[in-house]
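Reader: I'm used to gels and assays, not ribbons. Could you walk me through how to read a fold like this one?

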Amino acid sequence: SIHQKIGAELQKQVFTIHDSIDEIVNVSLIIDSKGKIQFEKMDASEIIKNQLPKLDSVIQESIQKIPAIYPAIKRGIPVTTKYTLPIRIQLKE
């Protein structure tokens, strides 16, 4: 569900690139005990960082638009969890 919502937001964006890109970017998220999703960091190659410098801010905006979800439960208590979301970036000139 999270992956689909972020993917839908990214597809709405228009990016200008110099070369074709087909790479995977890992986005680290924290889902707190109240179900709020927070962007932690994005691991991307230098190619992605150079050609798509605004990608991390676009992903952060996409994450902010996601409504609160049910948090992870451990022994009946909601807990904070860290989640790594792989996102495939595939763009053609």
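**Reading strands, a helix and salt bridges**

Author: Happy to, and keep in mind that this is a predicted model. Start with a strand pairing: in β2, Gln-38 is the bridge partner of Ile-30.

Reader: Which way do β1 and β2 run relative to each other, parallel or antiparallel?

Author: Antiparallel: β1 (residues 21–31) and β2 (residues 37–43) pair over six bridges. The two make a hairpin with five residues between them, and Gly-35 in that turn has a positive phi of about 90°.

Reader: Now the helix. Which residues of α3 are buried?

Author: First the general idea: an α-helix has 3.6 residues a turn, so residues three or four places apart point the same way. In α3 (residues 55–65), the buried ones are Leu-55, Val-58, Ile-59, Ser-62 and Ile-63. They cover an arc of only 140° around the axis, which puts them on the same side of α3.

Reader: And what do the buried residues of α3 pack against?

Author: Their neighbours are α1 (2–12), α2 (46–51), and the strands β1, β2 and β5 (81–91).

Reader: How many salt bridges does the whole structure have?

Author: Two turn up in the search. In one, the side chains of Arg-88 and Asp-22 meet at 2.8 Å, N to O. Arg-88 sits in β5 and Asp-22 in β1, so this pair ties together parts 66 residues apart in sequence.

Reader: Which residues form the other one?

Author: Glu-40 and Lys-82, with their closest N and O atoms 3.4 Å apart. Glu-40 belongs to β2 and Lys-82 to β5, so here the linked parts are 42 residues apart in sequence.

Reader: Is Lys-82 buried or exposed?

Author: Exposed, at 58% relative accessible area, while Glu-40 counts as partly exposed at 35%.

Conventions
Residues are numbered from 1 along each chain as its sequence is written. This is a predicted model: local features need pLDDT of at least 70, side-chain atom pairs count only at pLDDT 80 or more; totals for chains, interfaces and linings use all residues. Side-chain values use heavy atoms; hydrogens and water are left out. Two strands pair if DSSP finds at least two bridges between them. Helices (H or I, at least four residues) and strands (E, at least two) are DSSP runs, numbered from the N terminus. Buried means under 20% relative accessible area, exposed over 50%, partly exposed in between (1.4 Å probe, protein chains only). The arc is that of the directions from the helix axis to the C-beta atoms. Contact means heavy atoms within 4.5 Å. A salt bridge is a side-chain nitrogen of Lys or Arg within 4 Å of a carboxyl oxygen of Asp or Glu.
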